[in-house]
Amino acid sequence: MQGSSWELFDRVAADYDEVVPFFASFGTAIIAAIDPPPGCAFLDLGAGRGALTAPALARGCRVTAVDAAPGMVRELSAAFPAAEAYTMDAQALTFADGTFDVVASSFAIHILDDPAAGVAEAYRVLRPGGRFAFTGGSSRSRGGPAVSGEDELGVRLNELFGEFTAYLPPNGSMGTPVDAADLLDEAGFVDLREDFAEVAIPFPDTGALWRWSLTHGYRAFIEDLPDDRRAEFHERVLALAARDLVLRRVSGVWSGRKPSPAQILSCQS
Ligand SMILES: C[S@@+](CC[C@H](N)C(=O)[O-])C[C@H]1O[C@@H](n2cnc3c(N)ncnc32)[C@H](O)[C@@H]1O
């Protein structure tokens with residue numbers, strides 16, 4: 001994967017989450033886990049087409065959404081005119097300190113060039129006492145509800161990706177595992193917690209699974225495979241056999257609270 005990850009998302013913006021509502025379904029589950037109060041000033045960081053924006057608006061939050069991919073911001077603005085949407089780098093936000101009550105980011109922090117910079121910016125733009133929550137790429141987890149057996153589609157898909165990782169060039173694919181708890185801790189967040197969000201997404205057939213794979217981060221993996229291995233990978237996805245064609249996924253929703261000034265002073269003394 002050359003360049004920053006948002007460039008791929010800009011290319012796929014028109015098709016993103018259109019084959020099946022994978023990210024939108026996760027967004028609804030993540031917002032249920034975060035439970036932002038109606039009326040709060042809510043920032044959706046790396047918003048894509050608005051997986052978190054939609055359920056946050058539905059709860060009555062005042063939503064600002066940012067993404068580095070202009071195509072994503074165009075799609076989000078068209079679908080959710082009630083949100084304020086900006087093309088902006090999550091690692092260098094132009095908002096003033098303490099602007100938001102809640103900052104949330106689904107499946108974006110681990111694909112930033114510098115995940116710690118994104119978390120530091122979330123901390124800066126939160127008001128004291130506000131909470132930042134994010135999903136994606138965490139190497140540390142309590143595990144959450146077990147939704148996968150060995151004949152599950154998600155397990156079979158993971159096995160296939162695992163097998164073909166050997167054919168990627170150095171630095172191929174997208175994203176690096178992050179330790180969510182360490183990232184939150186190092187930025188200064190307190191009261192860390194891990195909640196869970198889960199989805200079960202039915203696919204009509206394995207052709208749809210392949211088309212879906214080309215509309216988000218998996219595409220970086222597929223494009224980085226050598227031509228012959230890509231063709232083989234395609235055939236293997238189409239031939240995947242599982243108990244059913246339902247993709248069950250669980251994600252940790254890591255969050256932390258920005259301490260109030262009094263708490264910061266007592267920590268320093
Ligand atoms: C996997 S998508 C997730 C989008 C959305 N949060 C969702 O759950 O559907 C990752 C998003 O992060 C965005 N992104 C990547 N790098 C970024 C950056 N430096 N600043 C802001 N957004 C970025 C991409 O453009 C993409 O829309």
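**Helix packing and the ligand shell**

Helix H8, spanning residues 206–213, packs against helix H10, spanning residues 227–238, at an angle of about 135°, and the axes of the two helices lie 8 Å apart. Because angles that are not under 35 degrees, not over 145 and not within 65 to 115 count as oblique, H8 is oblique to H10. On the side of H8, the contact is formed by Thr206, Gly207, Leu209 and Trp210, and these meet Phe233, His234, Val237 and Leu238 of H10. Sorted by class, the residues of this contact comprise five nonpolar and three polar residues, with no charged residue among them. The model described here is a predicted one.

A second helix pair involves H1, which covers residues 5–12, and helix H4, which covers residues 70–79. The axes of H1 and H4 come within 7 Å and cross at roughly 50°, and H1 is therefore oblique to H4. The contact is made by Trp6, Phe9 and Asp10 on H1, together with Pro70, Gly71 and Met72 on H4. In terms of residue class, the contact of H1 with H4 contains four nonpolar residues, one polar residue and one charged residue.

Helix H1 also takes part in the surroundings of the ligand, since it supplies three residues to the shell, the largest share. In total, 22 residues surround the ligand, and the closest of them are Tyr16, Gly46, Asp67, Ala90 and Ser106. Divided by class, the shell around the ligand has 15 nonpolar, five polar and two charged residues.

Polar contacts to the ligand involve both backbone and side-chain atoms of the protein. A polar backbone atom of Ala68 lies 3.1 Å from a nitrogen atom of the ligand, whereas in the case of Asp89 an N or O atom of the side chain is found 2.9 Å from a ligand nitrogen atom. The side chain of Ser106, a residue listed among the closest to the ligand, places an N or O atom 2.7 Å from an oxygen atom of the ligand. Of the 600 Å² of accessible area that the ligand has on its own, the protein covers 97%.

Key:
Residues numbered from 1 in each chain as written. Predicted model: local features only at pLDDT ≥ 70, side-chain atom pairs only at ≥ 80, totals over all residues. Heavy atoms only, no water. Axes fitted to C-alpha atoms, helices over the stretch in contact; angles between N-to-C directions. Helix = DSSP H or I, 4+ residues; strand = E, 2+ residues; numbered from the N terminus. Contact = heavy atoms within 4.5 Å. Nonpolar A, V, L, I, M, F, W, Y, C, P; charged D, E, K, R; others polar. Near = heavy atom within 4 Å. Polar contact = N/O pair within 3.5 Å; in protein donor to acceptor, adjacent residues only side chain to side chain. Areas by Shrake-Rupley, 256 points an atom, 1.4 Å probe, with all protein chains shown as cover.
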